[in-house]
Amino acid sequence: MAAALLEKPIEYLKGVGPNRGILLRKELGISTCKDLLYHFPNRYVDRTRFYSIAQLPKVQADVQVVGKITDIRLIKQSKGKRLVATFSDSTGEIELVWFRGHQWIQKQLKTNVPYTAFGRLMWYGPRCSIAHPELDEEDPSQKKKNAIFQPVYPSTEKLANRNITNRTMRQIMHHLFEELRVGVRETLSDDILSTHRLIGATDALRAIHFPKNLKELEQAQNRLKFEELFFIQLQLLQKKRDQQNRFKGHLFDRVGDYFNSFYSNHLPFALTTAQKRVIKEIRSDFGSGAQMNRLLQGDVGSGKTIVAFLSALIAFDNGKQVTMVAPTEILAQQHFTTLSKIAEPLGISVRLLTGSSKTAERKELHEELLSGKLQLLVGTHAILEPTVHFNDLGFAIIDEQHRFGVAQRAKLWKKNKIPPHILVMTATPIPRTLAMTLYGDLENSIIDELPPGRKPITTAHRTDNNRLAINQFIKAEIKKGKQIYIVYPLIEESSKMDYKDLMDGFESISRDFPQPVYQVSIVHGRMKSEDKAYEMQRFVERKTQIMVATTVIEVGVHVANASVMIIESAERFGLSQLHQLRGRVGRGDDKSYCVLMTGNKLSNDAKTRIQSMVRTQDGFELAEVDLKLRGPGDLMGTQQSGILQLRIADLNQDGELLAKVRAVAIKLVMDDPALTKVNNKPIADTLQLLQSGKGIWKYIS
Ligand code: ADP
Ligand code: MG
């Protein structure tokens, strides 16, 4: 019965009806009773506590006060009017305020009758008020007896305007539970419930909406978080298993001349232990007969390129082609230069394909690619175009994954009958919980060690007052033969203001560092790509000493002689961007510096970002800070944020639970891969529901 009820449209429920039904659907995405059931409160207020006005906390908080209305008045404001009531008890008075529904509310309000007022307390200097309070006439002594942990549901302004208050939501939820007497179907197996001491699904749902006490609430949260994370992990693991069953991979069973001769004769440096470990991991995937899908995380400068190249050599040894896709033209160009230099002595043919490749050149490239003459194709997402056909692509490398979506990964798969092995590299370390959730279907490799001899980058926070000293410092560094980056925020290429700041900055730098003693370059997104490449090249060749740029140089750019990174308006950059930018220096043998220039007043978040940058150079640590500041959705960009909108689990706080749940899911998939055991039927059923699109827990696609 319950199942049928849960599929019913929300209008069916007592207290909803057509109008509210439309609103709930539009504003909260609640269409069925099931959606409503899984619309969880986002916080709870303790209604066992009553305040006297004199003792109200001096912060924004949910409070409950017993008192009387002594005065009611309408006050004109810039737009319309507001209704204000003075509310007092024996210790003092506060204001109750309404911005909407004056007429109706004014009619209801009675003076000199005891009310319990409940709502969010706001302070304006010494005065405080509660906007749109819940008012109860009920005898407060009675109220105290019934007092409970009260749920507060996420809502929207429109719902509030249309008088669907939190109280309304609570009432609707009560009606739902009245109908749902028999409860819901269990989704987890008895084994899992008992091993992990989880309460049943029905109890958990009831307690998440109407907890009797803190303990019950915690049990409910734990059970539902477990369930949510469990089904995400299970789907990821199933997807991975399906891929492995469905697709054979290219079997690279030999390590031949390309690899061996490069490794013994041409390797420009000794590999770090971490690099060696990752190459071993990749080799073992290549030899397994299954398609590799591997994520390689390594901080800026940890040496991912050489790992990718050595892996590519194994593919060449097995007669396959390789491609490397980078997110920007500058980066593709740079990879092309680096890789050509090491590949050509081995007799490997390399070409570059980007959006600005000329037609004639493309034609030749396409031919060589199709005939198999071309072995290594480096480029931008131009490579993903359906017109680009390989003879036999065996291995695809995606650099700087955070700019690529899942869909783009899939395009590479289609470039050969047997999909190529895929290595996704990212220099923006991803917090562990996100990696498990977003890339749970990928194997994970980490380079957690920088090449020897790297000197730490000294990072400092400065403001405009320090401008002269900084210019002196830049001049001293240039005198030593070093080069300088100065980066301006151009967060959106279209922003006129940002563009003007950049140009003003460029002018004043050109004034402070005049020719012919100093040469200043500029690179930004509005320039033609040839011009960008030309300016970059001048800087690489040390023809210019200062590079003024926007974040186009954020990823991958490598100029070992640059020793100073100045970031203007650093408070406007995100933490991972700052870390990426800083990673442009500290690539040579000399001491290097990063200066974060900001205004004098900083928001709390900006302060945390800047302080974290000054404190640490560890990208994984910064990624954790970033996750706390921004939340998982924003952190990973819009493309991936959808699948990170969890209902109840929180990737910031539930890392330990997630790790445990993933282990449980892995064990389950090993013990009972097709979920055919009787015990696991609830899980199999739930999974099936999820995959048919009817499930409540996010389907990861
Ligand atoms: P990223 O991981 O940021 O892509 P790169 O692959 O560009 O880093 O490597 C950064 C620099 O470090 C390059 O100049 C590279 O040649 C150098 N490098 C990489 N591995 C080592 C190593 N084991 N020892 C010394 N230098 C290395
Ligand atoms: Mg790189």
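In the predicted model, six strands form an open sheet in the order β16-β21-β20-β17-β19-β18, and their pairing is parallel. The edges of this sheet are occupied by β16 (457–463) and β18 (520–523); each has a single partner strand, so one side of each is left without a neighbour in the sheet. On average, and with direction ignored, neighbouring strands are turned by 20 degrees against each other.

At one of these edges, β16 pairs with β21 (residues 592–598) in the parallel sense through seven bridges. Within this pairing, histidine 461 has leucine 596 of β21 as its bridge partner. Helix α20 (residues 529–540) packs on the sheet, where it touches β17 (483–487), β18, β19 (546–549) and β20 (562–567). The direction of helix α20 makes about 145 degrees with that of β18. A further helix, α21 (residues 575–582), lies across β16, β17, β20 and β21, and its course is at about 155 degrees to β20.

The protein chain as a whole contains 26 helices and 21 strands. Its division into domains gives domain 1 (2–42), domain 2 (48–147), domain 3 (190–246 + 651–691), domain 4 (269–286 + 303–426) and domain 5 (457–616). Domain 3 and domain 4 are each assembled from two segments of the chain. The centres of domain 3 and domain 5, taken over C-alpha atoms, are separated by 48 Å.

Along the principal axes, the C-alpha trace of the protein chain spans about 90 × 70 × 45 Å. The accessible surface of the chain amounts to about 33,100 Å², and carbon and sulfur atoms account for 51% of this area. Of the 701 residues in the chain, 52% are buried. Among contacts between residues at least 6 apart in sequence, 73% join residues at least 24 apart.

Glutamine 233 provides a local view of such packing. This residue lies in helix α10 (residues 214–246). Because its relative accessible area is 1%, below the 20% limit for burial, glutamine 233 is classed as buried. With neighbours within four places in sequence left aside, glutamine 233 is in contact with Met436, Thr437, Leu658, Arg662 and Ala665.

Terms used: Residues are numbered from 1 along each chain as its sequence is written. Chains are lettered from A and ligands numbered from 1 in the order in which they are written. This is a predicted model: local features need pLDDT of at least 70, side-chain atom pairs count only at pLDDT 80 or more; totals for chains, interfaces and linings use all residues. Side-chain values use heavy atoms; hydrogens and water are left out. Domain bounds come from an automatic or database domain assignment. Two strands pair if DSSP finds at least two bridges between them. Helices (H or I, at least four residues) and strands (E, at least two) are DSSP runs, numbered from the N terminus. Axes are lines fitted to C-alpha atoms, for helices over the stretch in contact, and angles run from 0 to 180 degrees between N-to-C directions. Contact means heavy atoms within 4.5 Å. Buried means under 20% relative accessible area, exposed over 50%, partly exposed in between (1.4 Å probe, protein chains only). Accessible areas come from the Shrake-Rupley method with a 1.4 Å probe; for residues, only the protein chains shown count as cover.
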